[in-house]
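Hi everyone, thanks for making time this morning. I'd like to walk you through one structure, so let me put it on the screen.

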Amino acid sequence: MTQKILLTGGLGYIGSHTYVELIAAGYDVVIVDNLSNSKLSVCDRLAKITGQETSFIQADILDRSALSQIFAKDAFDAVIHFAGLKAVGESVEKPLDYMQVNVTGLVNILQEMQTANVNALVFSSSATVYDVSNVSPLKEGMPTGYTNPYGYTKLVCEQILAQATHANPELKTGILRYFNPAGAHSSGLIGEDPRDIPNNLMPYISRVASGEYEFVRIWGDDYPTPDGTGVRDYIHVDDLATGHVSSLHALLDKGESHLVNLGRGQGYSVMDVLNAYSRACGRELPHQILPRRAGDIAQMYADVEQAKQVLGFEVCRDMDAMCATSWNWINTGAKDG
Ligand code: NAD
Ligand code: WQD
């Protein structure tokens, strides 16, 4: 029988790409999103990509009665929980909002799952939970820590999941620590579309490419890295999406909980990303070197052995593919709606 998945935050950047992969893998999927950081038009775009109607419920994960109704209406086999707040700077300004949505939101989902006897959850964690003193490649067993309220909420959520699975051995969880998601779906119909000035590198570069901003601000070129700019592990959002299908498979078909990094296992510097984007859009993008950004570290990238061993997961797309699909999205799909 077709397995039914509840996808919270499924109209957002990573959730929408994961939806496409889940449908391709044969799952029946219901999206719940409050549209706080996404657009309703994504539903139509997902329908165009998948060739089937998108099953969407507009609801907030903080609304317990709405959640109860959602869990009462359908018998879900698993939940993939993307809904949450993710802006590091904003989390410093509004830490309580982050605790409420990210932490209380997860507890709400877990309690509803318990009531409905749903025993599989994939959770969006982040490489930000690694303590900054760790030396890359970052392995799952390394010490954790946080430097901002957003990171704190992700760490607390991981700990809540550990306690919940300890108390209920039936519950299986896939904790996925994403590195830096980038790129867009090859159709150009879905991608990352931040409402405010982007803090993250790739969406900022894409707005320089589109002419919205004048130049790329490079936060520091005096790091102990090959070209002096910060090094990160960028992973194509479509690879990240297939990682969720692998995680579901491990939970539902093998009954195995896991905590794994999802990255490429390779670092790219800010200059590497800028050069790749320039190739993708066909012109050299202007940049200025500015002082280091507070809180940044020189480099981080994933150890991907666990993802390979436990999930059989490997990436297939490189930085050129991330930039080409991002540019295709910015230049076409993002413009009209
Ligand atoms: P996103 O903002 O594009 O998607 C999140 C979605 O959740 C949005 O559609 C938003 O409308 C929805 N949402 C927010 N609060 C909600 C609520 N209270 N009830 C219902 N829906 C709500 O973000 P994303 O980049 O797709 O990230 C998805 C998840 O992955 C987040 O939990 C984020 O912390 C995590 N993550 C993201 C990154 C990244 O760099 N993008 C890295 C690591 C982890
Ligand atoms: C990447 C590199 C910057 C912007 C953040 C969160 C993390 C995770 C992913 C959710 C760094 C440099 C950036 C710019 C630049 N999100 N940069 N100019 O900081 O690795 O991670 O997003 O979980 O929690 O902290 O990503 O894209 O902001 O920065 O030079 O305009 O690009 O200094 O070296 P980061 P990023």
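Let's begin with what packs over helix 11: the cover on its buried residues includes helix 2 (41-50), strand 7 (180-182), helix 7 (201-209), strand 10 (234-236), strand 12 (268-269) and helix 9 (270-281). Please keep in mind that this is a predicted model.

Which residues of helix 11 are buried? They are Met319, Met322, Cys323, Thr325, Ser326, Trp327, Trp329 and Ile330.

Now for the helix itself. Helix 11 covers residues 319-331, which is 13 residues, and at 1.5 Å a residue we should expect a span of 18 Å; the C-alpha atoms at its ends are 18 Å apart, so the two agree. Have a look at its start, too: there, a side-chain oxygen of aspartate 318 comes to within 3.2 Å of the backbone nitrogen of aspartate 320.

Let's move over to ligand 2. There are 17 residues around ligand 2, and the ones that come nearest are Ser126, Tyr150, Arg217, Arg232 and Asp296. By character, that shell divides into seven nonpolar, six polar and four charged residues. Which element gives the most to the shell? That would be strand 8 (residues 216-219), with three residues.

And now the polar contacts. The side chain of serine 126 has an N or O atom 2.7 Å from an oxygen atom of ligand 2, and for the side chain of tyrosine 150 the distance to a ligand 2 oxygen is also 2.7 Å. Tryptophan 219 uses its backbone instead, with an N or O atom 2.9 Å from an oxygen of ligand 2. Taken alone, ligand 2 exposes 690 Å², and the protein buries 87% of that.

Note on methods:
Residues numbered from 1 in each chain as written. Chains lettered and ligands numbered in written order. Predicted model: local features only at pLDDT ≥ 70, side-chain atom pairs only at ≥ 80, totals over all residues. Heavy atoms only, no water. Near = heavy atom within 4 Å. Polar contact = N/O pair within 3.5 Å; in protein donor to acceptor, adjacent residues only side chain to side chain. Areas by Shrake-Rupley, 256 points an atom, 1.4 Å probe, with all protein chains shown as cover. Helix = DSSP H or I, 4+ residues; strand = E, 2+ residues; numbered from the N terminus. Nonpolar A, V, L, I, M, F, W, Y, C, P; charged D, E, K, R; others polar. Expected span 1.5 Å × (residues − 1). Buried < 20%, exposed > 50% of the residue type's maximum accessible area, 1.4 Å probe, protein only. Contact = heavy atoms within 4.5 Å.
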